[in-house]
Amino acid sequence: MFRVIRDVDLWFLIEDSKKKKMILFSDRKYSEKISSVLKNLDVDIAYKIFDDPINDEQSVYDLLMENPDDIMVVVAKDDFSKAKATLNSLGLKIGVSYKNLRKYTFESLSAPYYYDPVCGYNLFTDDKYNGFRMFGNPESDAVRILTIGGSTTDAYLYPFKCWSEYLHEMINESGIENVVMCGAVSGYSSADELYKIIRDGVELKPDIIINYSGCNDIKLGDYPYINSYMKRISNYLSGQNSSIGTRFESNPFGVTWGIKGEREPDSNYRFWIRNQRMINAICSEMGIKHITVHQPNMCNGKVNMSTYEEEYLGNICFCGVDKQSVEKNKEQSIRFRQLVCEDAKKLDWLEDMSGIFDNEDVYIDRLHINEEGNRIVASNIFEVLKQHQFI
């Protein structure tokens, strides 16, 4: 059985090639090498296109002769932003008709990521509500709902509706004017969620905070409150100290990571639930209604696997950048779900939704879901809000 080397990237590349006409749009220096790699993956390229075709080479504008729904343009260019502008001008949509080979997922990346000294990185959206996507009018007197989480909540990640947008529409349809303020960012752990609520979330004066969380805490680093991007930048600055004499006030700049996190059985869950308790304490003190939702994932004990899900789990070698085995990820995910179920019986603000897709076929990969999945998430959260009489 052929096994791809990651749980993203190559898997989606191969899956697209089964359904779409594949077209390579690359810088000329990459053309032959990438063509060879794709051939080894049994990904057939119909033809190549270039910005500046030579002789009988095809132009990017030949795409105008194609049905956008039938093609997938694989972009391999140093200046992806320029390629993106060109393809958009031809009526193509990122994540639907073209994707960047360097990050070959469904992601739309419609908002850029910026370094953030507190959270490690953040989304740049606009000056007034930077890091948030607003559904509804934030200047109105409507019910204000803040949603926080990682990539499964990030409102800029995919080229279709996120669950926060669906939730906004459902509450509107019930006759309640509302604004949903989505501050989720792909890759955030519960530590980043906590930081963002403290620094930015409370400032937005939400009536309700919904934290859709869990999967990014299943595997934690030695210093779980330190985001990997923050660590990378800090290490760079520390390395520059000896050569350029970087100083903060009167002291040479060095790096301390604080105290290491515990590494005992279930320590990842204890870290996650501790952060959720702190979020709840903040909300209680500030008069904000709060719900933490434990999110589902494909590896948490789902019994009724679809054909696609079985093929997916059978073809990935490891989960995440830390190269954790699929078997280990399943073990930790199932245990995490068990612990959430136990605490959800005691904590009225904790909702376990880890099983809402047990009989659904909505997964894109082990964590991420399609638009129908987002609608299901929003529908379940809407019902929870009504049960708690929050709306």
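In this predicted model, helix H10, which covers residues 371–387, lies across three strands: S11, S14 (289–294) and S17. Relative to S11, helix H10 runs at about 140°. A second helix, H5 (residues 190–201), is discussed below, once the sheet itself has been introduced.

The sheet in question is an open one built from six strands, and reading across it gives the order S8-S10-S9-S11-S14-S17. Its pairing is mixed. At the edges stand strand S8 (133–135) and strand S17 (350–352), each of which pairs on one side only. From one strand to the next, the twist averages 20°. A closer look at one edge is helpful here. Strand S8 is joined to strand S10 (residues 178–182) by three bridges, and the two run antiparallel. One residue pair can be picked out by eye: Met134 has Met181 in S10 as its bridge partner. Helix H5 also packs on this sheet, where it touches strand S9 (143–149) and strand S11 (208–213). The direction of helix H5 makes about 160° with that of S11.

It is worth recalling how such sheets are held together. Strands of a sheet pair through backbone hydrogen bonds, and the pairing can be either parallel or antiparallel.

Another open sheet has five strands, in the order S3-S2-S1-S4-S5, and here the pairing is parallel. Strand S3 (58–59) and strand S5 (98–100) take the edge positions; each has a single partner strand, so one side of each is left without a neighbour in the sheet. Further in, strand S1 (residues 21–26) and strand S4 (residues 71–76) run parallel and are joined by six bridges. Again a pair of methionines offers a handy landmark, with Met22 bridged to Met72 in S4. Helix H3 (residues 80–89) packs on the sheet and touches S1, S4 and S5, its direction making about 175° with that of S5. Helix H1 (residues 10–19) also lies across S1, S4 and S5, and runs at about 125° to S1.

Attention can now turn to the surface. Tyr115, Ile233, Tyr236 and Leu237 together make a nonpolar patch of about 370 Å². Helix H6 (residues 228–244) supplies the largest share of this patch, namely three residues. Leu237 is a member of the patch and has its place in helix H6. With a relative accessible area of 31%, Leu237 counts as partly exposed, because that class lies between the limits of 20% for buried and 50% for exposed.

Key:
Residues are numbered from 1 along each chain as its sequence is written. This is a predicted model: local features need pLDDT of at least 70, side-chain atom pairs count only at pLDDT 80 or more; totals for chains, interfaces and linings use all residues. Side-chain values use heavy atoms; hydrogens and water are left out. Two strands pair if DSSP finds at least two bridges between them. Helices (H or I, at least four residues) and strands (E, at least two) are DSSP runs, numbered from the N terminus. Contact means heavy atoms within 4.5 Å. Axes are lines fitted to C-alpha atoms, for helices over the stretch in contact, and angles run from 0 to 180 degrees between N-to-C directions. Patches are made of residues with over 30% relative accessible area and no salt bridge: like charges are joined within 9 Å, nonpolar side chains (Val, Leu, Ile, Met, Phe, Trp, Tyr) within 5 Å. Accessible areas come from the Shrake-Rupley method with a 1.4 Å probe; for residues, only the protein chains shown count as cover. A salt bridge is a side-chain nitrogen of Lys or Arg within 4 Å of a carboxyl oxygen of Asp or Glu. Buried means under 20% relative accessible area, exposed over 50%, partly exposed in between (1.4 Å probe, protein chains only).
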